[in-house]
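The following exercises concern a two-chain model and are to be solved with the sequence and coordinates at hand. Each task is followed by a solution in steps.

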Amino acid sequence: MIRFLLRRLGYSFVTIILATIIVFALSRMSGDPRLLYLNAFSHVGPEVWEAWGRKLGLDKPLPLQYLYWLRDVMLGDWGESIDTKIPVWTSVTDRLPLTLKLTGGGFIFAVLVGIPLGVLSGVYRSSFWDYLGRTTAVLGQSVPAFWLAIVLILIFSVKLELLPAAGQGSFSHYIMPSIILGWFGSAGFLRLTRSAMLDVMDSEFVKLARAKGVNNFTLIWKHAFRNALIAPLTYGGLLLAGFATGTVLTETIYALPGLGRLALQAVYANDFPVLQGSVLFFAALYVVFAFVLDMIYAFVDPRIRYE
Amino acid sequence: MQMEQQQALLQIDEPSFISRAYTKFRRWPYIPALVLIILIFAALAAPLISPYDPVKGDLRARSKPPLGFGGTTEHLFGTDNQGRDIFSRIIHGARVSISFAAITMLLSVALGAVIGAVSGYFGGHIDETLMRLVDLQNALPFILAALVMVGVFGASFTTLLIVIAIFSWGATARQIRGEILQLKQMDYVSLARVAGASPPRIIFQHLLPGVTNTLIVVATLGTGQIILTEATLSFLGVGIPPPNPAWGSMVSFGRNYIDTAWWIAVIPGIAIALVVVSLNFLGDWMRDYFDPRLRQV
C-alpha cells in the first residue's frame, strides 16, 4: 500500500513538474517578458533595458531562469496582471470558490444521471430504461455543450422564465451551469457503468447470489454495483480534467466570475501572467484530484494495493 | 393446437418495432452514412450550391425566420441579424469544419499510430516515457493549453490544427499500443526480426498494417471529437477566425439574439450535433463490423 502510494505520488510530482516546464516554455515563447510591461509609447534606452533584464534574471541561462521562476511560483509569487496590476495569486484564489462550487455541481449532475441510468440500462437490457440510457449516451457525446447551454437559456429563461439566464447568487443560478458542466460526463459515466454492469451481471458470483435467493435490489446495488464501480471511478478522474474546459465555457455563457472565465479574459486581453497562473492552478487541481481518486480506487479495489 | 403453440412461440420471439429498427440500424448505418455523404458533397460544392454569399448580407432581409416558423422558401433556414442567409453559411461552414477536421484527424492519427507502435514495440523505458506523455495530455487542461497557444501564436487555422493534433493523439496511441503488444508476439514478427528487418521496417511494414481497422475506427470517432473541439474553440472566439463561417462561431454570434431570433444560434448547433452523432454511430458500427468480439449487444 505504501509503495503504491509513493509511486502514485511520484507520478503526480513528475506530471506537475512537466506541466510547469511547458507553461514556462510557452511563457518564454510568447516573447521577452520585458515587452509585457511596455506599450507602443514607451521609450527605453538600451542601458535601462539591460538593467531590467538583470533584475528579472534574464541574463542567466534558461534552465536557471526556470528554477528561479519555479521558486517564485512555489512561494506564491505568481506575478501581477498586466491589465489590472492585481497579483495573480489573489485573483486566482478569489475566483476559486465559485469554480469549485460549479465543479461540484457538475460532478453531482454527471453522477446522478449517469450512474443510476447506466445501472438500470445494464441490468434491464432492451427495456425502456436501456433505450433511454443509450439515447442519453449518444446525445451526451454528440450535442455540443455550449449549444445546449443556449437552448436551455432559450427554454427556461426566455420562454418559461423559470431560471435566471446568468449571474450568481441563489441556488437556481447554479442549476443550468451544473447541467451543462456535467452534460458530457453523464454520458461517459452512463456508458462505462452500463458495460461494467453487463459484465458483472453475467458473472458467476451474481448468479450464485441470485440462486441463493438474494432479493433483486440487494443483488443489483450491493453485489453487482460495487464490483462495477471501478471503471466509472477511473473515469471520474479524467472527467475532472475535462471540467477545466467545461468551466471556461460554462462560466463564459452564464457570466459567472470563476477561474475559467478569468483565463479566457486573460487570453482576450493578452494578459499572460494571469493566463499562466490559471493554467498552472488548473493543472495542480487536476493532479490533486487524480491522486485522491487513486487512493479511493485502491481502497475500493484491494487488488490494486498489492499490485 | 400445435399451430397455436407455434404461433404463440413466434409471437414471443417477435422483437418489438423499436428493437427491430434499432438492430437494422446497427447492421447498416444508412442514416449516418447519408448525412455524411450529403455533408461532404455540400462542403465540396459549397460555392456552386449555396444560394447566397455567406459573408455579405442583405440588410433589407435581416433576422428572417426559417421556413415553418413564419419564413419563406427564399431563406430556408432564415437569416441572421446582418441579413446573411443561414443555409448558405451552414454549407460554407461545412467546408471549413470538414476540411479542418479531416486534416487535423490525419495528423493526430498519424502521430498516435507511430507513437503507439513505437511504444508497444520497444517497451521498457521508451514505453514508460511515451505513456507519461499521454498522462500529461490528460493533466494539462486542453482548452487552457489551447488558449495559451492561441495567446502566443495568434488564432489561425494552422495554430488550431497543430494545437488540437498535439493534444489528441493520446487516445490513439494508447489503443494502438495495446494492439501492437499483442501483435508483436506473432510468429511472423519474430521471423521478420530473425530475417534481419530493422525496427522501422517491422513497425511500418509488418505491424501497422495489422491495426488498420482500429485506425479507421479511431479516426472516425476522433473526427467527431475534433469537430466538437473546433466548434467549442470557435464559440469561445479563439477558433477559426472570422469571416470564415465556422459553425461554432455562428452559435456564439447568435447567442446575443437568442430572445429575438433564436434560429441564428440554434440551427448551426443542430448541424454540429447531427454530424457528430453520425460520425459516432458510424465509428461504433465499424468497430463492431471489423471486430465482432467487441460487439456490445
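**Exercise 1. Chain composition and confidence**

Determine what percentage of the residues in chain A is buried, and describe the elements of each chain.

*Solution.*

Step 1. Of the 307 residues in chain A, 39% are buried. The model is a predicted one.

Step 2. Assignment of the elements of chain A gives 13 helices and 0 strands, so that the order from the N terminus reads α-α-α-α-α-α-α-α-α-α-α-α-α.

Step 3. The C-alpha trace of chain A extends over about 85 × 55 × 30 Å along its principal axes.

Step 4. Chain B likewise has 13 helices and 0 strands. Its 297 residues include a buried fraction of 44%.

Step 5. Consider the contacts between residues at least 6 apart in sequence. In chain A, 72% of them join residues at least 24 apart; in chain B, the figure is 70%.

Step 6. For confidence, the mean pLDDT of chain B is 79, with 85% of its residues at 70 or more. The complex as a whole receives an ipTM of 0.76 and a pTM of 0.80 from the predictor.

**Exercise 2. The side of chain A that touches chain B**

Establish how many residues each chain brings to the contact, and which helix of chain A gives the most.

*Solution.*

Step 1. Counting by chain, 43 residues come from chain A and 38 residues from chain B.

Step 2. The helices of chain A that each supply at least two residues to this side are α1 (2–29), α5 (128–142), α6 (145–159), α7 (175–201), α10 (230–253), α11 (259–268) and α12 (272–300).

Step 3. Among these, α12(A) gives the most, with 8 residues.

Step 4. Sorted by class, the residues on the side of chain A comprise 33 nonpolar, 10 polar and no charged.

**Exercise 3. Helix α8 against helix α9 in chain A**

Characterise the packing of α8(A) and α9(A) by distance, angle, handedness and contact residues.

*Solution.*

Step 1. Two quantities are required: packed helices are described by the angle between their axes and the distance between the axes.

Step 2. The axes of α8(A), residues 204–211, and α9(A), residues 216–227, come within 10 Å and cross at roughly 150°.

Step 3. Angles over 145 degrees count as roughly antiparallel; therefore α8(A) is roughly antiparallel to α9(A).

Step 4. The crossing of these two helices, α8(A) and α9(A), is right-handed.

Step 5. On the α8(A) side the contact is made by Val206(A), Ala209(A) and Arg210(A), and on the α9(A) side by Leu219(A), His223(A) and Ala224(A). By class, this contact of α8(A) with α9(A) consists of 4 nonpolar, 1 polar and 1 charged residues.

**Exercise 4. Helix α13 of chain B and its surroundings**

Describe how α5(B) passes α13(B), and decide whether Leu274(B) is buried, exposed or partly exposed.

*Solution.*

Step 1. The axis of α5(B), residues 86–122, and that of α13(B) come within 11 Å and cross at roughly 35°. The crossing of α5(B) and α13(B) is right-handed.

Step 2. From α5(B), the contact draws on Ile86(B), Ile90(B) and Gly93(B); from α13(B), on Trp263(B), Ile264(B), Ile267(B), Pro268(B) and Ala271(B). The classes represented in the contact of α5(B) with α13(B) are 7 nonpolar, 1 polar and no charged.

Step 3. Leu274(B) also belongs to α13(B), which covers residues 263–290.

Step 4. A residue is buried at 20 or more other C-beta atoms within 10 Å and exposed at 12 or fewer. Leu274(B) has 18 such atoms and is therefore partly exposed.

Step 5. The C-alpha atom of Leu274(B) is separated by 8.6 Å from that of Pro32(B), although the two residues are 242 apart along the chain.

**Exercise 5. Helix α11 of chain A and its flanks**

Explain why α11(A) is largely enclosed by the rest of the structure, and find the sign of phi at Ala255(A) and Asn270(A).

*Solution.*

Step 1. Helix α11(A) is largely enclosed because 8 of its 10 residues are buried. The buried residues are Leu259(A), Gly260(A), Arg261(A), Leu262(A), Ala263(A), Leu264(A), Ala266(A) and Val267(A).

Step 2. Ala255(A) lies in the loop between α10 and α11 of chain A. With 13 other C-beta atoms within 10 Å, Ala255(A) is partly exposed.

Step 3. As a reference for the backbone angle, most residues other than glycine have a negative phi.

Step 4. Ala255(A) has a positive phi, near 50°. After α11(A) comes Asn270(A), whose phi is also positive, near 60°.

Terms used. Residues are numbered from 1 along each chain as its sequence is written. Chains are lettered from A and ligands numbered from 1 in the order in which they are written. This is a predicted model: local features need pLDDT of at least 70, side-chain atom pairs count only at pLDDT 80 or more; totals for chains, interfaces and linings use all residues. Axes are lines fitted to C-alpha atoms, for helices over the stretch in contact, and angles run from 0 to 180 degrees between N-to-C directions. Helices (H or I, at least four residues) and strands (E, at least two) are DSSP runs, numbered from the N terminus. Angles under 35 degrees count as roughly parallel, over 145 as roughly antiparallel, 65 to 115 as roughly perpendicular and the rest as oblique. A crossing is left-handed if the near helix is turned anticlockwise from the far one by less than a right angle, and right-handed if clockwise. Two residues are in contact if their C-beta atoms, placed from the backbone, lie within 7 Å. Ala, Val, Leu, Ile, Met, Phe, Trp, Tyr, Cys and Pro count as nonpolar, Asp, Glu, Lys and Arg as charged, and the others, Gly among them, as polar. pLDDT is the predictor's confidence in each residue, from 0 to 100.
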